[in-house]
Each structure stands twice: as C-alpha cells, then as structure tokens.
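Trainee: Please take a close look at the side-chain pairs of this model, both the aromatic and the charged ones. I should like the cut-off behind each term to be stated as it arises.

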Amino acid sequence: MSIRRIQNAGIKYEYELVGELKKADYEACRLPGSSVRNPDILAGDGETVFVIEAKITTNNRIIIRSSQIKNLIKFAWKFKAEPWVAVKFINQTSWIFIRPNAFQISQDNQKLSIDFNTALQKGVTVRELVNNEFQKKFT
C-alpha cells in the first residue's frame, strides 16, 4: 500500500471521528496538516476542549511516536484542553479514547504502544467521554 493511500485512509477515519464527536453535540474539526507537531482533531462544547491524536490499525497493537504524545500534551496545555489519543482497531471496535499515560513506553523511549485488550480496559467510548464531561459540569 502506498504512503499516499495510507494517509488518505487515515484522513477518512479522522473525519469519521469528527462526525462522531459532532453527533455527541461537540463542535469538532480536523486540523489540516496534522503531523508529529500537531494533533489531528480539536473538539469542544463551550466548556470542555479536547485535543485528540487519532490512530488506526488493522493489527492488535497501536504504536505511536513518543514525540507525538509529547507534542499532543504540550498543545493541549497551551489550549487548556484535555489530551486524548483516539484509537480504532479496524473491524474490531469503534473509537476508544485513551489518556496518554496509559500507553506502554518502549525500551528506547522512542515509541509508545497499547494492545487491544489494554485499550478496552483503560479507554472510554465517545459516549462515556462526553457523558463524563457532562457530569463534571454539574458536580
């Protein structure tokens, strides 16, 4: 599969995620030119802002560069937003939102990863993510 085809597939799934966040009554947009330096999606509802790095795989493990997580956290901090990594194991689940600290660090500190079962245990769905934020507003 060519690099261009892989990038287009990733963009397609990012737009899918934007659509799911909009259905949950959040305003959301894909950030053009997202890369290692910038996250993929920005979403908010007027009170809560999420900065999201989206990752997809057909395998049983998501791998992400440590630098992407560091930049996600830095970007979120500057926007007073919550950093999340949205992962999708294609043909297995819908989107799962995971906190950056739930990922396992590789021995060389260059990559982070999470497997399917751990993602299910530590992650939340779109509905759980937005409902949790809704509950926080009233506590």
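Mentor: The answer moves from the chain as a whole to its aromatic pairs, then to its charged pairs, and ends with one sheet.

The model is predicted, and local features therefore require pLDDT of at least 70 and side-chain atom pairs pLDDT 80 or more, while totals for chains, interfaces and linings use all residues. Residues are numbered from 1 along each chain as its sequence is written, and side-chain values use heavy atoms, with hydrogens and water left out.

The protein chain has four helices and eight strands (DSSP runs numbered from the N terminus: H or I of at least four residues for helices, E of at least two for strands). Read from the N terminus, the order of these elements is α-β-β-β-β-α-β-β-β-β-α-α. Of its 139 residues, 43% count as buried (under 20% relative accessible area with a 1.4 Å probe, protein chains only; exposed is over 50% and partly exposed lies in between). Among contacts (heavy atoms within 4.5 Å) between residues at least 6 apart in sequence, 57% join residues at least 24 apart.

The aromatic side chains come next. A search of the whole structure yields four aromatic pairs (ring centres of Phe, Tyr or the six-membered ring of Trp within 6.5 Å; planes under 30 degrees apart are stacked, over 60 edge-to-face, the rest tilted). One of these is the pair of tyrosine 26 and phenylalanine 50, which is stacked, with 5.4 Å from centre to centre and 20° between the planes. Tyrosine 26 belongs to the loop between helix H1 (3-23) and strand S1 (27-30), and phenylalanine 50 to strand S3 (residues 49-57), so the pair ties together parts that are 24 residues apart in sequence. Tyrosine 26 and phenylalanine 50 are both buried.

The pair of tryptophan 84 and phenylalanine 97 has another geometry: the planes stand at 80° and the ring centres are 6.5 Å apart, so this pair is edge-to-face. Because tryptophan 84 lies in strand S5 (residues 82-89) and phenylalanine 97 in strand S6 (residues 96-98), the pair ties together parts that are 13 residues apart in sequence. Tryptophan 84 has a relative accessible area of 6% and is therefore buried. Phenylalanine 97 has a relative accessibility of 0%, so it also counts as buried.

A ring can also face a charge. The charged end of lysine 12 sits over the ring of tyrosine 13, at 4.9 Å from the ring centre (the rule asks for NZ of Lys or CZ of Arg within 6 Å of the centre and within 35 degrees of the ring normal).

Charged groups of opposite sign give six salt bridges (a side-chain nitrogen of Lys or Arg within 4 Å of a carboxyl oxygen of Asp or Glu). In one of them, arginine 30 and glutamate 14 meet at 2.4 Å, N to O. This salt bridge links distant parts of the chain, since arginine 30 is in strand S1 and glutamate 14 in helix H1, 16 residues apart. Both of its residues, arginine 30 and glutamate 14, are buried.

Helix H1 takes part in a further salt bridge through glutamate 16. The closest N and O atoms of glutamate 16 and lysine 88 are 2.9 Å apart, and the pair joins helix H1 to strand S5 across 72 residues. Glutamate 16 has 28% relative accessibility and therefore counts as partly exposed, whereas lysine 88, at 11%, counts as buried.

Glutamate 53 and lysine 55 also form a salt bridge, at 3.7 Å, N to O. The relative accessibility of glutamate 53 is 2%, so this residue counts as buried; lysine 55, at 18%, counts as buried as well.

Helix H1 holds isoleucine 11 too. This isoleucine 11 is partly exposed, with a relative accessible area of 27%. Isoleucine 11 and proline 32 lie 21 residues apart in sequence, and their C-alpha atoms are 9.6 Å apart.

The sheet completes the picture. Three strands, in the order S4-S8-S7, make an open sheet with antiparallel pairing (two strands pair if DSSP finds at least two bridges between them). Its edge strands, strand S4 (61-65) and strand S7 (104-105), each pair on one side only. S4 is joined to strand S8 (residues 111-115) by five bridges, and the two run antiparallel. Arginine 61 has aspartate 115 in S8 as its bridge partner.
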